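Biologist: Please pick one part of this model, look at it closely, and then follow what surrounds it through the rest of the chain. I would like the numbers and the residue names, in one connected account.

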Amino acid sequence: MSTTSAANDPALSKPAGIISISLGKKYFVAISGAVLLLYVVGHMLGNLQIYIGQDQINTYAEKLHSLGPILWAIRAVLGILAILHIWFAIKLKLENVSARPIPYAQRNWVEASLASRTMIWSGLLIFAFIAYHLAQFTLHWTNPDYVNLTDVEGRMDVYSMVIFGFKNYVISGFYIIMMFLLMVHLSHGVESMFQSVGWNNAKWQPRLHKLAWILSIILFVGFVSIPISILLGFIKLPPGVTL
């Protein structure tokens, strides 16, 4: 009687293939999330230079713009990563749901945190916000008058542009809400990132949970401090600057 190995039997090898593809998606979501997280940290550090003054942040912005095509290539790569990150996260979510065709009689909402239950929705909302943010401050589609803002050195006056943008209570409120969603998203995403690559265990899980929340709160405070400082008058327009 002949035998057929699992490696030569498509019916037996299929589950392993599915598992491999699923793991690949998880690794991609984790790695792309890590890259996007590094960008968020760098973006916050760049934005916080507004506290140093107009010359500092305008010089920083000029250096970025001097990269020309390289800067747009980086933005394109980050945009593609963000889209694929969301796409594969949704695919994994749907696969998990389809693996349990019969819903639980009673969901354990205590173990499943709000952040974990809303990851897909918060991710989609954050992506939509980023699109608007780029349209406002980078492409100037929503505010074409920002193009006319220049400082005494003839550089684009990013300092004044940010102040004009956040002096609008609606825009500042929307921004703060989105940063709160980002904080909630990252509080679970950072922890899941380590879990996906196998760096999470019973010993490290509580520490990684705290690390994820600490990092998320730092990013939230750093980002929202800017519109709040502008609305409270701590960061002011240079004399004579108008739109």
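Modeller: I start with helix α5 (residues 119–138), where length is a simple check: at 1.5 Å a residue its 20 residues should span 28 Å, and the end C-alpha atoms lie 27 Å apart, which agrees. The expected figure is 1.5 Å times one less than the number of residues. Everything here refers to a predicted model.

Which residues of α5 are buried? They are M119, S122, G123, I126, F129, H133, A135, Q136 and F137. One point of helix geometry helps when reading such a list. An α-helix has 3.6 residues a turn, so residues three or four places apart point the same way.

One neighbour of α5 can be followed from I86, a residue of helix α3 (residues 69–98). I86 counts as buried because its relative accessibility is 16%, and the cut-off for buried is under 20%. Leaving aside residues up to four places away in sequence, I86 touches G123, L124 and F127. Of these contacts, G123 is itself among the buried residues of α5. The C-alpha atom of I86 is also 9.6 Å from that of M119, although 33 residues separate the two along the chain. M119 is another of the buried residues of α5.

At the other end, just after α5, H140 takes a positive phi of about 60°. H140 is not a glycine, and its phi is positive all the same. Where does H140 sit? Its place is in the loop between α5 and α6. With a relative accessibility of 8%, H140 counts as buried.

Past that loop comes α6, which is mostly covered: nine of its nine residues are buried. They are V158, Y159, S160, M161, V162, I163, F164, G165 and F166. Two helix contacts give some account of what lies against them.

The first is with helix α2 (residues 54–65), which packs with α6 at an angle of about 105°, the axes being 7 Å apart. The two helices are therefore roughly perpendicular to each other, since that term covers 65 to 115 degrees. From α2, the residues Q54, I57, N58 and A61 meet V158, Y159 and S160 of α6. By class, the residues of this contact are four nonpolar and three polar, with no charged ones.

The second contact is with helix α8 (residues 205–231), where α6 (residues 158–166) packs at an angle of about 80° and the axes are 9 Å apart. That angle makes α6 roughly perpendicular to α8. On the α6 side, V162, I163 and F166 take part, and on the α8 side I226, P227, I230 and L231. This contact has seven nonpolar residues, and neither polar nor charged ones.

A residue of helix α7 (residues 169–196), S172, joins the picture here. Not counting residues up to four places away in sequence, S172 touches F166, P227 and L231. F166, P227 and L231 also take part in the contact of α6 with α8. Is S172 buried or exposed? S172 is buried, with a relative accessible area of 0%. Its C-alpha atom is 9.3 Å from that of I230, 58 residues away along the chain.

A further pair lies elsewhere in the chain. K26 is found in helix α1 (residues 10–47) and is partly exposed, with a relative accessible area of 37%. The C-alpha atoms of K26 and F88 are separated by 7.9 Å, with their positions 62 residues apart along the chain.

For the chain as a whole, the secondary structure comes to eight helices and zero strands. Among contacts between residues at least 6 apart in sequence, 78% join residues at least 24 apart. Pairs such as S172 and P227 belong to the contacts just described. Of the 243 residues in the chain, 34% are buried. The exposed surface comes to about 15,300 Å², with carbon and sulfur atoms supplying 69% of it.

Terms used. Residues are numbered from 1 along each chain as its sequence is written. This is a predicted model: local features need pLDDT of at least 70, side-chain atom pairs count only at pLDDT 80 or more; totals for chains, interfaces and linings use all residues. Side-chain values use heavy atoms; hydrogens and water are left out. Axes are lines fitted to C-alpha atoms, for helices over the stretch in contact, and angles run from 0 to 180 degrees between N-to-C directions. Helices (H or I, at least four residues) and strands (E, at least two) are DSSP runs, numbered from the N terminus. Angles under 35 degrees count as roughly parallel, over 145 as roughly antiparallel, 65 to 115 as roughly perpendicular and the rest as oblique. Contact means heavy atoms within 4.5 Å. Ala, Val, Leu, Ile, Met, Phe, Trp, Tyr, Cys and Pro count as nonpolar, Asp, Glu, Lys and Arg as charged, and the others, Gly among them, as polar. Buried means under 20% relative accessible area, exposed over 50%, partly exposed in between (1.4 Å probe, protein chains only). Accessible areas come from the Shrake-Rupley method with a 1.4 Å probe; for residues, only the protein chains shown count as cover.
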